[in-house]
Amino acid sequence: MCIRDRGTSTGSTRLYPRTLPHADGEIALRRMDAADAPAVLAFAQALPAHDLLFLPRDITQPKVMDAWVRAIARGDIDSVLAVRGGQVLGCAAVIRDPHSWSRHVAELRVLVDPALRGSGLGQQLAQEGCALAMEQGHEKVVAQMTVDQRGAIAVFQALGFRPEALLSKHVKDREGRAHDLVVLCQDVAQVEAQMRAYGVTEAF
């Protein structure tokens with residue numbers, strides 16, 4: 001049964017846990033908390049290293065995962081997990097810094113199990129993250145990824161994100177190869193107005 005989880009620091013009224021239908025079995029969406037750290041760490045460590053290049057820190061490291069959990073407790077990150085049978089299949093994180101000059105901006109990060117790419121889970125998680133950012137009153141949402149992640153770029157563009165910057169040779173993989181990052185941005189007010197015009201606010 002879904003309960004209205006208002007969170008401890010963000011005042012969210014999104015419904016969690018919530019069940020998503022899927023061809024291979026239902027997937028539950030729920031908030032991440034400290035108890036989920038081992039499962040999320042296992043999920044991250046199983047991902048291809050290239051999938052993690054857009055992240056500022058290597059979340060396959062336990063100390064980085066601990067910092068993530070502390071940031072959730074502080075209210076600096078809102079994370080939603082996609083879970084089946086105790087296994088993490090994907091996650092969305094909305095990151096904000098209430099003390100910065102860009103406190104009206106949220107960053108959205110989405111990771112999905114490679115086996116579920118193309119199944120729609122990535123889009124559902126990205127949509128969930130956008131909804132959380134919108135609910136929290138952010139005016140702009142930013143996402144970044146390597147330029148060769150065309151599937152991920154298409155998912156975000158379908159949600160109203162548009163390319164805003166290209167960061168040349170911005171990250172290096174574990175073999176020392178440099179990769180470009182593309183920064184995509186969504187104007188929340190514009191997207192919300194479009195949704196209302198088409199009568200699809202229920203999607204969020």
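**Exercise 1. Work out what share of the contacts in the protein chain with a separation of 6 or more comes from residues 24 or more positions apart.**

Step 1: A contact means heavy atoms within 4.5 Å.
Step 2: Among contacts in the protein chain with a separation of 6 or more, residues 24 or more positions apart account for 58%.
Step 3: Keep the ground rules in mind. This is a predicted model, in which local features need pLDDT of at least 70 and side-chain atom pairs count only at pLDDT 80 or more, while totals for chains, interfaces and linings use all residues. Residues are numbered from 1 along each chain as its sequence is written, and side-chain values use heavy atoms, with hydrogens and water left out.

**Exercise 2. Take stock of the protein chain: its helices and strands, its buried share and its pLDDT.**

Step 1: Helices (DSSP runs of H or I, at least four residues) and strands (runs of E, at least two) are numbered from the N terminus. The chain has five helices and ten strands.
Step 2: Buried means under 20% relative accessible area, exposed over 50%, and partly exposed in between, using a 1.4 Å probe and protein chains only. Of the 204 residues, 47% count as buried.
Step 3: The predictor's confidence in each residue, pLDDT, runs from 0 to 100. Its mean over the chain is 87, and 87% of the residues reach 70 or more. Over residues 1-10 the pLDDT is below 50, and this stretch has 26 contacts in the model beyond near neighbours in sequence. Where pLDDT is low, the predicted coordinates should not be read in detail.

**Exercise 3. Describe how helix 1 packs with helix 2.**

Step 1: Axes are lines fitted to C-alpha atoms, for helices over the stretch in contact, and angles run from 0 to 180 degrees between N-to-C directions. Helix 1 (residues 37-46) and helix 2 (residues 62-74) pack at about 130°, with axes 10 Å apart.
Step 2: That angle makes helix 1 oblique to helix 2; angles under 35 degrees count as roughly parallel, over 145 as roughly antiparallel, 65 to 115 as roughly perpendicular and the rest as oblique.
Step 3: Helix 1 contributes Ala-37, Val-40 and Leu-41 to the contact, and helix 2 contributes Pro-62, Met-65, Trp-68 and Val-69.

**Exercise 4. Now try helix 3 and helix 4: at what angle do they cross?**

Step 1: The axes of helix 3 (residues 121-135) and helix 4 (residues 150-158) come within 10 Å and cross at roughly 45°.
Step 2: These two helices are therefore oblique to each other.
Step 3: Gly-122, Gln-123 and Ala-126 of helix 3 meet Val-155, Phe-156 and Ala-158 of helix 4.

**Exercise 5. Place Asp-76 and Arg-103, then find their contacts.**

Step 1: Asp-76 lies in the loop between helix 2 and strand 5 (77-84), and is buried at a relative accessible area of 19%.
Step 2: Leaving aside neighbours within four places in sequence, Asp-76 contacts Ala-71, Val-94, Ile-95, Arg-96 and Pro-98. Asp-76 and Pro-98 are 22 residues apart in sequence, and 7.7 Å apart from C-alpha to C-alpha.
Step 3: Arg-103 sits in the loop between strand 6 (87-95) and strand 7 (105-112). Not counting residues up to four places away in sequence, Arg-103 touches Asp-97, Pro-98 and His-138.

**Exercise 6. Check the backbone at Pro-17 and Lys-169.**

Step 1: The peptide bond from Tyr-16 to Pro-17 is cis, with omega near -5°.
Step 2: Lys-169, in strand 9 (residues 162-172), has phi near 50°, a positive value in a residue other than glycine. At 65% relative accessibility, Lys-169 counts as exposed.
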